[in-house]
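Me: I'd like to learn how to read an interface and a few other features in a model like this. Can you walk me through it?

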Amino acid sequence: MKDAVANQPANTPGETMQKDPVGGLLQVEHLRTVFRQGRREVKAVDGISFSVNPGETLAIVGESGSGKSMTAMSLLRLIPSPPGEIIDGDVFFGGRNLLDMSEDELRDVRGNEIAMIFQEPMTSLNPVLTVRQQLAEPMRVHRKVKEEDIEARCLDLLRQVRIPDPETRLDAYPHQFSGGMRQRVMIAMALACEPRLLIADEPTTALDVTVQAQILELLKDLTRQHGSSMILITHDLGVVARYADRINVMYAGRIVESGTAREIFEQPRHPYTLGLINSMPRLDASEKARLLPIEGQPPDLGNLPTGCAFHPRCPFAVDQCRQQDPPLEPYQGHHLKACWVNVDD
Amino acid sequence: MTDTPLLEVRNLKVHFKLPGSLLRPRSGGSVKAVDGVSFHLKRGETLGLVGESGCGKSTTGMAVLRMTPVTDGEIHIDGEDITHLKGRALRPLRRRMQMIYQDPFGALDPRMRVLDIIGEPLKVHKLVTGRKAYRQEVLRLMELVGLLPDMCERYPHEFSGGQRQRIGIARALAAQPDVIICDEPVSALDVSIQAQIINLLKDLQEELGLTYLFVAHDLAVVRHICDRVMVMYLGHVVEVADSEALYTNPQHPYTQALMSAIPIPDPRAESRREVDPSIEGEVPSPVNPPSGCPFHPRCKHATEVCSRVAPTLRETTDGHAVSCHLYEPETEAESLVRVASIA
Amino acid sequence: MTTETAPAALTTRPPTTPPLRERLGDNKVLGFIGRLIVQRPMGAFGAAICIVLLLTGVFADVIAPEGYNAINPIDRLKPPSAEYWLGTDQLGRDLFTRIVHGAQLSVIVAFAATSLSIVISAVIGITSGYFGGRFDMASQRVVDGWMCFPDLIILIVAVSVLGPGTWQVILILGLLFGISGSRIVRSSVLSVKQNIYIHAAQSMGASTLRILVMHILPNVMAPIIVLFTTRLAAVILAESGLSFLGLGIPPPAPSWGGMLSLDGRSYMFQAPWLAIVPGVALTVAVFGINMFGDALRDMLDPRMKGVGSGRYVAAVRRDRPSSRQSTGGTAQ
Ligand SMILES: Nc1ncnc2c1ncn2[C@@H]1O[C@H](COP(=O)(O)OP(=O)(O)OP(=O)(O)O)[C@@H](O)[C@H]1O
Ligand SMILES: Nc1ncnc2c1ncn2[C@@H]1O[C@H](COP(=O)(O)OP(=O)(O)OP(=O)(O)O)[C@@H](O)[C@H]1O
Ligand code: SF4
Ligand SMILES: [Mg+2]
Ligand SMILES: [Mg+2]
């Protein structure tokens with residue numbers, strides 16, 4: 001790993017990010033989403049490309065406002081418009097481009113082949129419908145499940161997400177559930193049509209640690225059981241170490257580093273990733289060690305610095321960083337980074 | 001340094017009456033948010049208060065500040081009983097204790113300039129005289145927390161979360177308090193900013209000899225700043241220990257469960273780690289807490305005694321106290337067996 | 001091993017604090033006017049009408065120097081002409097002069113009555129909303145009781161007790177609108193009171209008066225300003241209505257409402273301009289004030305304020321929204 005620098009083809013501008021040889025389940029290319037506020041343009045997603053392979057869990061990690069949720073929303077064209085707009089890019093899902101589809105075709109994909117779990121479990125469920133009504137909805141719409149089978153299927157789903165006593169819970173309203181249970185119901189709804197891809201946007205951010213562990217374990221087990229892929233969006237690097245196969249680190253609307261979980265944690269090659277790992281408070285630290293924060297403030301997406309967006313906070317920055325934007329290039333195999341400097345151990 | 005602790009809380013209880021129905025206004029029952037909490041805080045130390053949402057951490061902090069009515073118990077500062085102070089008599093106390101809030105956006109008045117926000121305690125307690133001295137003091141505070149002096153004319157919405165938290169810290173420092181109650185001061189911030197604020201709080205403590213009551217839900221954060229840690233569950237203290245002792249040797253089954261639930265940012269360690277499946281379910285309601293030990297419905301070591309008798313907090317080793325039947329001396333023989341089974 | 005990969009450089013760098021954003025010009029007033037014109041052209045138009053109204057009122061004696069009661073029996077009921085721009089009435093008084101002086105009267109009555117009503121609303125609303133509890137209960141029942149009576153009945157009773165006249169109209173309208181407006185102030189105080197910064201001020205030992213004046217009042221200023229502009233239009237209308245009913249400012253004072261009702265109605269067919277001119281003046285004034293008020297309400301919404309604050313709004317991690325109430329409902 002020390003001599004990895006020798007065989008890395010980076011620093012040759014012009015070479016673009018290499019496509020996944022497997023030809024993933026989801027292939028996102030040059031996706032670009034902006035929000036317009038008066039004359040200002042906020043580049044929420046700034047030309048990102050990535051892919052998700054069948055059966056894999058891809059994590060998207062980054063600070064608040066780095067564009068994680070907007071990436072996910074853009075995939076399904078759920079961007080509030082105006083002020084938002086997807087201005088460029090392709091999203092191939094099973095060979096079809098989701099961005100070219102008609103609204104009708106897309107509706108058939110949403111909640112059926114691609115399901116989403118949102119950040120706020122409190123507001124994502126309809127307060128005036130029972131759990132049964134909400135669970136049954138996607139099955140009726142997408143799968144045309146027969147009425148007499150629906151109840152059995154609902155109970156089965158609630159059992160899968162380990163809600164105790166599902167028979168009595170089925171006719172309860174969301175407010176009668178706790179936060180963790182609501183998130184389980186959300187997961188059950190997402191799984192109702194056995195989607196091929198599950199997008200979980202900070203599924204546990206509002207929950208307690210013990211409940212977070214339960215929910216994440218559940219998601220891991222269920223995706224494994226169904227063989228579905230998952231995009232797990234989170235700001236918590238810690239969560240990602242256990243549950244992700246691959247990780248995309250986002251900063252200011254871009255992917256700055258991408259690799260397997262081990263690559264990211266053991267050989268972080270972008271100064272931002274490195275900074276994130278060093279600034280995490282850890283339970284397994286040898287003693288009461290001082291944290292090493294990333295200095296400075298997160299950038300204003302409507303007014304990005306020139307060159308590398310991270311350069312004002314970056315301890316490695318050189319002149320080139322201030323002038324030119326580093327492309328996302330392979331560092332080693334599928335481990336990609338967008339940085340002009342070689343950060344070594 | 002004297003032996004009387006700076007802050008001492010004895011058997012604190014805070015119960016909130018629930019609104020009853022229209023016809024039977026007294027039928028509501030009550031939320032036992034804090035139910036018999038005792039602790040002490042020495043000058044210059046940091047005591048962590050951890051636990052899941054709703055376990056009564058903030059309420060404990062509020063009661064100590066005398067911002068919420070105390071149902072029962074005593075609060076002493078420097079040996080003086082402040083539990084029953086009222087009105088004007090509370091004013092000096094308001095200077096001696098300050099608070100840093102979780103939400104960096106809600107805690108600052110959006111219509112005030114930073115200069116006025118940070119300086120408000122100075123005005124309220126008449127700590128400086130003259131406009132010049134006032135401004136100078138505010139600028140000094142701003143520098144102390146790492147804000148540039150030329151930001152003092154700006155309004156809160158022009159700052160990022162981390163910077164606002166710095167403003168809140170400067171405001172808390174302005175009155176030169178004895179105790180600062182930090183209610184989840186970093187949990188609304190990004191990791192990279194979290195570390196900045198934790199380091200700042202630590203540096204300020206070293207420089208100014210501050211005393212913190214540090215409320216948090218994240219054991220990992222607490223580890224980096226606290227000397228001692230108190231774990232709460234459903235209004236009760238279940239374990240108190242020196243920070244190192246707690247992390248190397250957690251004794252209460254709840255503390256153990258809490259620790260096992262915290263992810264470790266290391267894929268290799270994670271692949272070896274077992275997430276404890278036995279801590280199922282969620283925190284029960286404080287309106288209707290379980291009988292006996294409050295943790296028994298979720299505890300894998302629970303026995304019949306646990307559901308009947310509430311355990312008391314007792315010291316097991318020096319400075320390490322735990323409230324669990326596994327460590328009750330009466331059942332020592334039994335507990336040895338159980339402890340062995342945990343290990 | 002991963003923790004060791006940190007180069008020393010990461011820690012030794014001094015904190016860099018990039019300039020947050022260019023400020024939108026230092027002059028707030030100019031910036032506000034600029035945004036008003038660009039973002040709410042109708043509001044700017046309304047503001048222009050208000051300014052014209054105000055100036056007309058202030059400079060009435062300069063614009064129309066002859067007395068509004070100068071009677072000219074020869075030129076009775078003359079239609080608009082070069083000499084009499086808006087015509088004359090049945091006593092030969094110049095209508096233009098009367099409208100201009102009427103604007104003065106309207107401006108005085110409207111601003112005085114509205115200011116009075118706002119003070120009443122603010123005092124009742126802020127104290128009742130902030131203190132809550134029994135005091136709130138009691139004061140709200142009084143307000144309820146007051147509002148049970150139709151406005152018109154209160155007006156008629158009050159005028160018959162106090163007699164007609166300018167200050168009586170101001171007092172009555174101020175009280176009437178003030179009490180009903182206190183509801184709006186109170187409800188915004190209730191929401192402002194929830195903010196943590198209020199808690200912070202209390203826990204730092206600030207006196208109640210300080211909290212009310214320094215924290216509550218500035219934060220309910222937006223609804224108060226909006227209340228002011230909407231009430232302004234309403235007061236002008238109400239005053240005209242009173243004069244129309246003969247309960248307002250008695251003739252020969254050139255109140256628009258009075259002109260519309262007394263002269264306008266009697267000579268509707270012979271001299272329609274006598275009704276049309278004050279009617280149009282009223283309509284334009286009320287329209288202008290309402291437009292401006294609407295725009296003001298939107299512009300004072302903090303979300304519309306200052307481009308560039310958006311990012312920081314998104315930057316709050318709504319980490320643990322009060323899931324606390326929900327834990328209560330859990331059944332295992
Ligand atoms: N409706 C909107 N109008 C303007 N800008 C928006 C809007 N929604 C999002 N943005 C901007 O898009 C950027 C990306 O937002 P996004 O929600 O994707 O962040 P995120 O990474 O999911 O953050 P978080 O961790 O807070 O959820 C933000 O900087 C935000 O300011
Ligand atoms: N004013 C109040 N009236 C009624 N119940 C209250 C009140 N304040 C708090 N509670 C209840 O008291 C319990 C403890 O609340 P507290 O805010 O102390 O929890 P916490 O440990 O700080 O949780 P969190 O991590 O969510 O901040 C909760 O069940 C809460 O619903
Ligand atoms: S490109 Fe330069 S500024 Fe950007 S992360 Fe790499 S070293 Fe730092
Ligand atoms: Mg998001
Ligand atoms: Mg709290």
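**Reading the model, feature by feature**

Reply: Sure. Keep in mind that this is a predicted model. Let's start with one residue: F265(A) sits in helix α9 of chain A, which covers residues 261-266.

Me: Is F265(A) buried or exposed, and why?

Reply: F265(A) counts as buried because its relative accessibility is 1%, and the cut-off for buried is under 20%. As for its surroundings in the fold, the C-alpha atoms of F265(A) and G238(A) are 10.0 Å apart, with the two positions 27 residues apart along the chain.

Me: Now the interface. How do people put a size on one?

Reply: Often by the accessible area lost when the parts come together. Here chain B and chain A bury about 4,100 Å² between them, and 55% of that is on carbon and sulfur atoms. Each chain's share of the contact is 45 residues from chain B and 45 residues from chain A.

Me: How many salt bridges cross the interface of chain B and chain A?

Reply: The rule finds 2. One salt bridge joins the side chains of R290(A) and D203(B), at 3.0 Å from N to O. There are also 12 residue pairs in polar contact across the interface of chain B and chain A.

Me: Which helix gives the largest share of the side of chain B that touches chain A?

Reply: That's α6(B), with 10 residues. By class, this side of chain B has 20 nonpolar, 10 polar and 15 charged residues.

Me: And what does the chain look like over residues 44-64 of chain C?

Reply: UniProt, in an unreviewed entry, lists residues 44-64 of chain C among its "transmembrane region" features. In the model that span is 90% helix and 0% strand, with its end C-alpha atoms 27 Å apart.

Terms used
Residues numbered from 1 in each chain as written. Chains lettered and ligands numbered in written order. Predicted model: local features only at pLDDT ≥ 70, side-chain atom pairs only at ≥ 80, totals over all residues. Heavy atoms only, no water. UniProt positions renumbered as here; feature names shortened; annotations may be inferred. Helix = DSSP H or I, 4+ residues; strand = E, 2+ residues; numbered from the N terminus. Buried < 20%, exposed > 50% of the residue type's maximum accessible area, 1.4 Å probe, protein only. Contact = heavy atoms within 4.5 Å. Buried area = accessible area lost by both parts, 1.4 Å probe. Salt bridge = Lys/Arg side-chain N within 4 Å of Asp/Glu carboxyl O. Polar contact = N/O pair within 3.5 Å; in protein donor to acceptor, adjacent residues only side chain to side chain. Nonpolar A, V, L, I, M, F, W, Y, C, P; charged D, E, K, R; others polar.
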